[in-house]
Structures are given as C-alpha cells and as structure tokens.
Amino acid sequence: MTARPRVFVTQPIAPRALERLRKIADVKINTDSSKIIAKAKLIAGVKKADILFSLLHDKVDRAVLAANPKLRAVTSMSITPDNIDVAEATKRGIVVTVVPAIVEESVADLHIGLMVAVARRMIEGDRSVRASRFPGSQSNHLIGSFVYGKTIGLVGIGRIGQATARRARGFGMKILYTARHRRPEAERELGMEYVTLDQLLEQSDFVSLHPALTAETRHMFGDRSLPR
C-alpha cells in the first residue's frame, strides 16, 4: 500500500478544506493564524513533509526548498506564485501549483466595501457610536461623500478590475480605466472609457488599483503622481 503523503499547512485554513485533505493525507498545521509563519518554523515543517501547503504571503525561497530533498510539491493559496522561487523548484523537480482564478468576485466585494466605508466614514461612525460620542443623524460631522454617480478610475483591468467595474455600475458610477492594452470588448460590456494614467488621476473621485506587482509597477504611485 502506498504511504499517505505528509502535508504541512502553514496556517489554519477552512475546516471543510482540512477535512477533505485529511481523507487523503497526513496533515500537520501551524496553528498560529495571527502572523505569517517564521522562516525557521516553515523550514522545520518542510523537513517533515512531502507537500508544502503555503498561503499567500509565505516566502518559499531557495532555503525553504532546499530544506527537504524529498519535497514533492508546493501548493499555494495564491493566484500567482510571486513568493515562490519557481525556478529553484523546477530545478529540484518540485511541482508548484496555485489556485485557479476564483477569487476575483470576493476581492471585488471587499474592494467596493472598503471604498464605501471610507467615503461614508463608516469606521469612524462605528467607533463614535461605541465610544458614546455619536453626534446624531442631523450632524454634518460624519457626512462623508457620495459614491453614487461619482467617477471611479481603474488602474489595470484584469479579472478583479472588471469585477470591480461591474459593481461600480450598480452605483451609477462613471468608469475610467487605464492599462497597458485597451480592452474594447470590456469597454462595450461595462461602459468603460479608456484614458491615460494622468487623465485618470485628474478626473477620478476614486482610484482603484489592480496592476500586478512587478518591477515596472512597483512604486508607480507617489507624490509626483498626484494631481495638484
């Protein structure tokens, strides 16, 4: 009988997922979900595993991959393997997998939720109520800003950007976008307008960032980028 694979999970994941995983593998978990696993603890877990189940921000570099010559796979709960040394894994014959693109809708939900929370000062209002300092609904103290009818500028128009645009339409927003390449079909479907980055920054009430983090996009925003 083939031995069950040993899987090390770097942080607790959904109970249903763990239940399914335990049916086919021997699973060890770092139970501390309060912070990203320390490198020494990650390496210690890898040494006793056939498969590493890593999360979004775990740094799986050469030292981690070299910790166990018998490591067979690194499976990550990330859309892209940005924090995994794929070249080193390939060199060692270690399979690397990431999740399919199934998270764009949940990310877009959170994205729009945060935008509304900031515009309508919901967090400040919540804190005020909890501290018994709410000035009353007639007060302008927490009036905030409209989201409905405003202009949103999307920097990058991949799956998450388009999911955000669909939600912005529900708020009656004008949608601008900028990207390395125009997306005529998405423009027609979502009623978006392509503009340059400078035009987007000048015309938008809200700027929504969706580019992949690369050497080209790192620090693309700074004081010089903001309209005066």
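## A parallel sheet and its packing helix

In this predicted model, four strands, taken as DSSP E runs of at least two residues and numbered from the N terminus, form an open sheet in the order S8-S7-S6-S9 with parallel pairing, where two strands pair if DSSP finds at least two bridges between them. Strand S8 (192–194) and strand S9 (206–209) are the edge strands, each pairing on one side only, and the twist averages 25° from one strand to the next. S6 and S9 run parallel and are joined by 4 bridges, with leucine 154 standing opposite serine 208 in S9. Helix H7 (helices being DSSP H or I runs of at least four residues) packs on the sheet, touching S6, strand S7 (174–178), S8 and S9, and its direction makes about 175° with that of S6; such angles run from 0 to 180 degrees between N-to-C directions, with axes fitted to C-alpha atoms, for helices over the stretch in contact.

Residues are numbered from 1 along each chain as its sequence is written. Local features need pLDDT of at least 70 and side-chain atom pairs count only at pLDDT 80 or more, while totals for chains, interfaces and linings use all residues, and side-chain values use heavy atoms, with hydrogens and water left out.

## Threonine 151

Threonine 151 lies in strand S6 (residues 151–155) and counts as buried because its relative accessibility is 11%, the cut-off for buried being under 20% with a 1.4 Å probe and protein chains only. Not counting residues up to four places away in sequence, threonine 151 touches Met173, Lys174, Leu176, Gln203, Ser204, Asp205 and Phe206, a contact being heavy atoms within 4.5 Å.

## Pockets

A pocket is an open set of points on a 1 Å grid over the protein atoms alone, with protein on both sides within 12 Å along at least five of seven lines, and its lining residues have an atom within 4 Å of a point. The largest pocket holds about 1600 Å³ of space, a volume being the space filled by probe spheres set on the points, which are joined across faces, edges and corners. Of the 42 residues that line the largest pocket, Ile160, His210, Pro211, Ala212 and Leu213 lie nearest its centre, and the elements giving two or more residues to this lining are helix H5 (104–119) and helix H7 (159–170).

The second largest pocket has a volume of about 240 Å³, and helix H1 (15–22) and strand S4 (73–76) each supply at least two residues of its lining, which includes Ile13, Leu21, Phe53 and Thr75.

Conventions: Buried means under 20% relative accessible area, exposed over 50%, partly exposed in between (1.4 Å probe, protein chains only). On a 1 Å grid over the protein atoms alone, a cavity is a set of points where a 1.4 Å probe fits but cannot get out, and a pocket is an open set with protein on both sides within 12 Å along at least five of seven lines; lining residues have an atom within 4 Å of a point.
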